[in-house]
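Work through the exercises below with the sequence and the 3D structure at hand. Try each task before reading its solution.

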Amino acid sequence: MVLQFISDYLKHRLTAKSRHGTHSPFVYKLVDEVIYDFSPKAEYGVIEEQRKKLLHDDALITVTDLGAGSHLNKNRQKQVKEIAKNALKSPRLAQLIFRLARYSEANHIAELGTCLGVTTAYLAKSRPEAEVVTMEGCPQTAARAAQNFRELGLEHIELQVGNFDQLLPEFIEKQDRLDFVYIDGNHREDATLNYFKLCLPKVHENTLLIFDDIYWSEGMKRAWTEIKNHPDVTVTVDLFWIGLVYFKKGQAKEHFKIKY
């Protein structure tokens, strides 16, 4: 599995383009102003300080894994610092998700897969005026995330604990529309496609769906292909680590691979 992942990454690097290889004004602007914006932001520092605390936290928690699990450690009891090292999004990727959320001007942000809450914190900091709902399947991991939110003073995050298969349909049913959904949980083909299809009735012109780990497995690669080919999808951006899905009406259907 690891060798296949490395092979996929190398193929992606060989075929992906930079902003200068894109002929779509929308995607060029997205790449130029958001994806390749590596300038420091005031919000980054405080969250990265919280990450450092997690990376030195020896506390043991019992992990309840309702998804595809970890490629690195299948043990149920793990130290917080181990989870922080192996499961959290890197600063580079978490900060990209921050920029994407800010650029989207979303009023409602949803996340599947809270983990320890670092990416959630970036989402909350990106749009302080937005409603942020994050869902986590593991009660003890969620409790540690909630502690992080309190320490960071993030009071506009609603943390839901349970099985995504139950939580997501209930959440979507209550929404008039979906602005920004980051799907970072389960990592199974059928589950990923189910979450995508659940979102479809509530997407709109400016909705952004982000799918994490689109090269995680053969199943995830098949799911990503099916999502790209769906008739409602107009633009996708494959950054290898994540895939961006847009529904802009009147836009020619195009798929982009961008180096990141």
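**Exercise 1. An aromatic pair**

Are Tyr215 and Phe240 buried or exposed? Then classify the arrangement of their two rings.

*Solution.* The model is predicted. Start with burial: Tyr215 is buried, and Phe240 is buried too.

Next, recall what has to be known. A pair of aromatic rings is described by the distance of the centres and the angle of the planes.

A search of the whole structure finds 14 aromatic pairs. In the pair of Tyr215 and Phe240, the ring centres are 4.6 Å apart and the planes stand at 15°. Centres within 6.5 Å make a pair, and planes under 30 degrees apart count as stacked. The pair is therefore stacked.

Now place the two residues in the chain. Tyr215 is in the loop between strand S7 (208–212) and helix H10 (218–229), and Phe240 is in the loop between strand S8 (235–238) and strand S9 (242–246). They are 25 residues apart, and the pair links distant parts of the chain.

Finally, look at the surroundings: Tyr215 and Phe240 belong to one aromatic cluster together with Phe5, Tyr9 and Trp241.

**Exercise 2. The order of the sheet**

In what order do the eight strands of the open sheet lie, and which strands stand at the edges?

*Solution.* Strands of a sheet pair through backbone hydrogen bonds, either parallel or antiparallel. Here the order is S5-S4-S3-S6-S7-S9-S8-S10, and the pairing is mixed.

Read off the two ends. Strand S5 (157–161) and strand S10 (254–257) are the edge strands. Each has a single partner strand, so one side of each lacks a neighbour in the sheet. From one strand to the next, the twist averages 15°.

Check some of the pairings:

- S3 and S6 run parallel and are joined by four bridges; Ile109 has Phe180 in S6 as its bridge partner.
- S6 and S7 pair in the parallel sense, also over four bridges; Val181 has Leu209 in S7 as its bridge partner.
- S8 and S10 are paired in the parallel sense over four bridges; Val235 has Glu254 in S10 as its bridge partner.

**Exercise 3. Two sides of one strand**

Which residues point one way from S6, and which point the other way?

*Solution.* Phe180 and Tyr182 point one way. Val181 and Ile183 point the other way. All of these residues are buried.

**Exercise 4. Helix H5**

What length should helix H5 (residues 91–104) span, and what is the distance between its end C-alpha atoms?

*Solution.* At 1.5 Å a residue, the 14 residues of H5 should span 20 Å. The end C-alpha atoms are 20 Å apart, which agrees.

Then find where H5 lies. It runs across strand S3 (108–112), strand S6 (180–183), S7 and S9, at about 10° to S9. Among the buried residues of H5 are Leu93, Leu96, Ile97, Phe98 and Leu100. Just after H5, Glu105 has a positive phi of about 55°.

For comparison, take helix H6 (residues 118–126). This helix lies across S3, strand S4 (131–136), S5 and S6, and runs at about 175° to S3.

**Exercise 5. A charge and a ring**

Over which ring does the charged end of Arg92 sit?

*Solution.* The charged end of Arg92 sits over the ring of Tyr260, 4.0 Å from the ring centre.

How values were computed:
Residues are numbered from 1 along each chain as its sequence is written. This is a predicted model: local features need pLDDT of at least 70, side-chain atom pairs count only at pLDDT 80 or more; totals for chains, interfaces and linings use all residues. Side-chain values use heavy atoms; hydrogens and water are left out. Helices (H or I, at least four residues) and strands (E, at least two) are DSSP runs, numbered from the N terminus. The expected span of a helix is 1.5 Å times one less than its number of residues. Buried means under 20% relative accessible area, exposed over 50%, partly exposed in between (1.4 Å probe, protein chains only). Rings of Phe, Tyr and Trp (its six-membered ring) pair if their centres lie within 6.5 Å; planes under 30 degrees apart count as stacked, over 60 as edge-to-face and the rest as tilted. A charge sits over a ring if NZ of Lys or CZ of Arg is within 6 Å of the ring centre and within 35 degrees of the ring normal. Two strands pair if DSSP finds at least two bridges between them. Axes are lines fitted to C-alpha atoms, for helices over the stretch in contact, and angles run from 0 to 180 degrees between N-to-C directions. Contact means heavy atoms within 4.5 Å.
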